[in-house]
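Me: I should like to go through this structure and ask, term by term, what each description rests on. Please set the values against the definitions.

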Amino acid sequence: MTSGPENIEQPTEQSTGSESTPSHPLVTALQREHPEWIGEVIHAFGETTIIVPREHIVAACSFLKTWPEGQFNFLSDICGADRGVEEEPRFEVNYHLFSTTKYHRVRLKVLLNEEDTHVPSVSGVWRTANWHERETFDMFGVIFDGHPDLRRILLPDDWQGHALRKDFPLRGYEPYSLK
Amino acid sequence: MSSATIPPQFEIVDRPLDTQMTISMGPQHPSTHGVLRLELVLDGEMVVKATPDIGYLHTGMEKLFEYKKYQQGIVITDRMDYLNPLGNNLAYVMAGEKLLGLEIPVRAQTIRVMMCELQRIASHLVWLGTHALDIGAMTVFFYCFREREKILNMIEAASGGRLTPSYFRIGGLMMDLPAGFENRCKQFLDNFPGAVDEFHKLLTGNRIFQRRTQGIGQISAEDAIDWGLSGPCLRGSGVNLDIRRANPYCGYENYDFEVPVETDGDVWARYMVRMREMRESHKIATQALSRLQPGPVKADAPKVVLPDREAMKSHMDALIHHFLIVAEGFDVPAGEVYHPIEASKGELGVYMKSDGGPKPSRVHFRGPSFVNLSALPVMSEGEMVADIVAIIGSLDVVLGEIDR
């Protein structure tokens, strides 16, 4: 009966004690080459997250794409997240990178304040970023500067608000057509 | 006689009207596999530009996850890619298990592998039937659905649902396999290779089918990676990438199977990859079935996994845990994970973020259909309108997953 809670608590210690865990060799190599790109490195649940200042995200992505040691040539996913209305910075954009030759993954994270939700687009680095960025714009209102076609993708063009923000209600009380 | 003697009005030109026409294909077009609308700019019968328009099935599932407890979220995943619900269940529960740090028993892992491979076969059978139907071969459809029905019956026997099984739970399975399942599964697996031979006889040697698919909708390996294609679409372009091999989960590293790769990058190559994949899935399912050993199917984590019915009737703590899990859910440690699996259509990734409570703070599905469809314009430009139907079929998109 006691093994359950122990199992549950174990990852918590990992994630909170992330500062002291030894760094991934790739991250140390990256830190040596471009220290200004790395805001913070988090190791948790066997995954590596690098928080990148938003002005460096395009440079970091295009470097990682062709970097011989990393070869992160495949962009798996971009997704936004809302940390909560009171949180500052409120929004985050996660870039999940993958290497089709070395099979490892890394997550880049850009943090954004509510007043200024602009982030440079990486659709010039990977064309697959196009739709992911449109979705993030649609759901969170994150504006990707330099995106070739930044329109809503899932919701109608005249939709008001951004549906996955925490202050957007789950239920509405009037039909969409009356708005 | 030189050509200068022909009067200019009788010269043969490629574009007699010199006009372009914009038409809307879908959202009610039967070959768009759901409600997909394509805005096509046509020059005669040639596609100059194709712009997919999606969102007709958007139901706000990712928003709904944030208002549901972790276990309640599983039933939402069934409704995303409704041809591969067990794959969706698996990606979701494995992301949760990663956050919780749960150890899953061997029997549960083996059953998960077996059921997922059966589901992959079922998903490919729907693809094959509808793809052939789109191109004009109707018979294949009935043969495919005959086999798929057997798989759905097995899934129903195990979970109670044909299309919405919700069979995998965070911490293991809903329940163990029913009595007699092994025999039933063995009977199906014994007969399945013969069925694949039948599909090959019906389609692969068919000259019309070959002409409709070979050299159509080509995409190179570099473009495929650039556009984020995954699964059979990527392997059809000659990239040997399978998440089951690259980042093994559920013990896939212990199974003996090949990753089919074709190099042409056209509709035909994607067809051949999936046809060969069905045989590989059959191989994996057979191995998993032979490895089934008696044992628990739920992790030893009483605060997360629902107790057995019998234990609830005799043990006070089991009853308390049951009440707490159902009424309040369980707290998941704060953090974020991205868990990719190889679904039938490609890389299905679940990004799950927890802030410590019983409900996730954010769940995002990286649907393979969503990404594969985004590459449709680059494959279809310069092709004929009728080939668009073949290309959409070869991408194997499910709009429920794209729109979520």
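Me: How many residues does the contact take from chain A and from chain B?

Reply: The contact takes 36 residues from chain A and 44 residues from chain B. Two residues are in contact if their C-beta atoms, placed from the backbone, lie within 7 Å. The model is a predicted one, in which local features need pLDDT of at least 70 and side-chain atom pairs count only at pLDDT 80 or more, while totals for chains, interfaces and linings use all residues. Residues are numbered from 1 along each chain as its sequence is written, and chains are lettered from A and ligands numbered from 1 in the order in which they are written.

Me: Which elements give two or more residues to the side of chain A that touches chain B?

Reply: They are helix H1 (3–16), strand S3 (74–82), strand S4 (91–98) and helix H4 (129–140) of chain A. H1(A) gives the largest share, nine residues. Helices (H or I, at least four residues) and strands (E, at least two) are DSSP runs, numbered from the N terminus. This side of chain A divides into 19 nonpolar, 13 polar and four charged residues. Here Ala, Val, Leu, Ile, Met, Phe, Trp, Tyr, Cys and Pro count as nonpolar, Asp, Glu, Lys and Arg as charged, and the others, Gly among them, as polar.

Me: What makes S6(B) and S7(B) a pair?

Reply: Two strands pair if DSSP finds at least two bridges between them. S6(B) and strand S7 (residues 346–354) of chain B are joined in the antiparallel sense over nine bridges, so the condition of at least two is met. Within this pair, Ile341(B) stands opposite Leu348(B), and Glu336(B) stands opposite Lys353(B). The two strands form a hairpin with two residues between them.

Me: Why are S6 and S8 of chain B said to stand at the edges?

Reply: The open sheet has three strands in the order S6-S7-S8 (chain B), with antiparallel pairing. Strand S6 (335–343) and strand S8 (362–366) of chain B each have a single partner strand, so one side of each is left without a neighbour in the sheet. S7(B) is joined to S8(B) by five bridges, and Lys353(B) stands opposite Arg362(B) in S8(B).

Me: Why is S7(B) called largely enclosed?

Reply: A residue is buried if 20 or more other C-beta atoms lie within 10 Å of its own, exposed if 12 or fewer, and partly exposed in between, with C-beta atoms placed from the backbone. Nine of the nine residues of S7(B) are buried, so the strand is largely enclosed by the rest of the structure.

Me: Why is H6(B) called roughly antiparallel to H11(B)?

Reply: The axes of helix H6 (residues 181–204) and helix H11 (residues 267–291) of chain B come within 10 Å and cross at roughly 165°. Angles under 35 degrees count as roughly parallel, over 145 as roughly antiparallel, 65 to 115 as roughly perpendicular and the rest as oblique. H6(B) is therefore roughly antiparallel to H11(B). Axes are lines fitted to C-alpha atoms, for helices over the stretch in contact, and angles run from 0 to 180 degrees between N-to-C directions.

Me: Which residues make the contact of these helices?

Reply: They include Leu189(B), Phe192(B) and Val196(B) of H6(B), and Met275(B), Met278(B) and Leu289(B) of H11(B). The residues of this contact divide into 10 nonpolar, three polar and three charged.
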